[in-house]
Amino acid sequence: DGPERGLRGQLRFHAGLQRLSDAGVCVVMVHGNHDPLADGWSAIREWPANVTVLPSERVDSVPIHADGREVARVYGISYARRETTENLARYFPARTDAPFAIGVLHANVGANSEHAPYSPCELSDLRAADIDYWALGHIHRYQHLAEGSPWAVYAGVLQGRSPKPSEQGAKGAAVVDVADNAVQRVTFVPLDVVRFAELTVDVGGVRDVPELQTHLQSAADSAVAEAGERQLVLRARLSGRGPVHAALRGENAVDDLRAALQEARDRVWWDRIVDATAPPIDTDAIRQRGDFAAELLHRADGLVNDADGLAAFLDRHCRPVDRRLREFFEGEGPDDSSDVLDAAVMEALDRLEPTDDS
């Protein structure tokens, strides 16, 4: 995910393409913003026989044959340079005579704000071309943008490379089944060897560090099972209020906890544990203080047993942006309303009550 291309990586890439070529698999590839053609792959001058690299000066195509006939044609265009902000989708043909047309494009479709605007375009640009299936690159998560007329799919990357959100979760390839010149189904196939994930654990009710360690190990075991027994690189965020907070504030406590977790499981690498906990709140003591926080609790106590009063309170004080919360109250019973009110009160107390960090 950058301009650095070490010799070892280039050799591994070339060997993988050679294996595909030896197996009779056709490879058609385009270069994107991290490997523009102008930079070149310094150690590779000749590709295996079944590999075609599409040019940057125009959209070119490669016919795909099976049983002596053309069954598909792949269209695509490479980046000449990294800073490619031109809408390359507009260069794809509006009409083709291909039995099944595949477009390969590295682009930010729909102005995704989480990613750089390389070759930005809209779905309308993809639909304007005579392409049956768009194989898109640039976004590292698997996602369907359109299904039918045409299909547009980001396959994502084959292997996550860091704990950042876009690299977390299952990574792999899209397998596309085509019959009678039409897509029948698109299946995501996980191919990653190591998976990055993040856990959030609420320490409310956790009595001590050994119990917290058990919670974290259990969460890690569930994450490993969900990942198909793959190796995991895990980050954990500890949140909420509880008595374990004091122990976590000790010198090197979080690092020691991470080390203990690391020793307990061989399929998990604990990358980081973030302590965002706070000390427990004694609501009974707050009620006796006579300050603003005490008044807040007394008002909430009154609303818990007054469904009509709660509804009227929401009507008076909920802003338009809180309509979803108001609809939740109206659509559920008073018990559910009380649970949400309790959570809101605790959030308010979290903001009002000083912590040992403040």
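Two strands pair if DSSP finds at least two bridges between them, and the elements named in these legends are DSSP runs numbered from the N terminus, helices being H or I with at least four residues and strands E with at least two. The structure is a predicted model, in which local features need pLDDT of at least 70 and side-chain atom pairs count only at pLDDT 80 or more, while totals for chains, interfaces and linings use all residues. Residues are numbered from 1 along each chain as its sequence is written, and side-chain values use heavy atoms, with hydrogens and water left out.

**View 1. The whole chain, with its 10 helices and 13 strands.** Of the 358 residues of the chain, 36% count as buried, a word that stands for under 20% relative accessible area, whereas exposed stands for over 50% and partly exposed for values in between (1.4 Å probe, protein chains only). The accessible surface comes to about 20400 Å², and carbon and sulfur atoms account for 49% of it; such areas come from the Shrake-Rupley method with a 1.4 Å probe, and for residues only the protein chains shown count as cover. Among contacts with a separation of 6 or more, 60% join residues that lie 24 or more positions apart, where contact means heavy atoms within 4.5 Å.

**View 2. The open sheet of 3 strands, in the order E11-E12-E13.** The pairing in this sheet is parallel, and its edge strands are E11 (194–202) and E13, each of which pairs on one side only. From one strand to the next, the twist averages 15°, with axes taken as lines fitted to C-alpha atoms (for helices, over the stretch in contact) and angles running from 0 to 180 degrees between N-to-C directions. Helix H3 packs on the sheet and touches E11, E12 and E13, its direction making about 140° with that of E12. Strand E12 (residues 231–239) is joined to E13 in the parallel sense over 7 bridges, and valine 233 has tryptophan 269 in E13 as its bridge partner.

**View 3. The open sheet of 6 strands, in the order E3-E4-E5-E6-E8-E7.** Here the pairing is mixed. Strands E3 (60–66) and E7 (143–146) stand at the edges with a single partner strand each, so one side of each is left without a neighbour in the sheet. The twist averages 25° from one strand to the next. Within the sheet, E4 (residues 69–76) and E5 (residues 101–106) pair in the parallel sense over 4 bridges, and valine 74 has isoleucine 102 in E5 as its bridge partner.

**View 4. Helix H5 and the elements it packs against.** The expected span of a helix is 1.5 Å times one less than its number of residues. For the 12 residues of H5 (residues 253–264) this gives 16 Å, and the end C-alpha atoms are 17 Å apart, which agrees. Ala253, Val254, Leu257, Leu261 and Gln262 are buried in H5, and the buried residues of this helix pack against helix H3 (209–226), helix H4 (244–248) and strand E13 (268–275). An α-helix has 3.6 residues a turn, so residues three or four places apart point the same way.

**View 5. Aspartate 125 in helix H2 (residues 123–128).** Aspartate 125 counts as buried because its relative accessibility is 14%. Leaving aside neighbours within four places in sequence, aspartate 125 is in contact with Asn87, Ala89 and Arg90.

**View 6. Phenylalanine 292 in helix H7 (residues 292–304).** Phenylalanine 292 is exposed, with a relative accessible area of 59%. The C-alpha atoms of phenylalanine 292 and leucine 352 are separated by 9.0 Å, although these residues are 60 residues apart along the chain.
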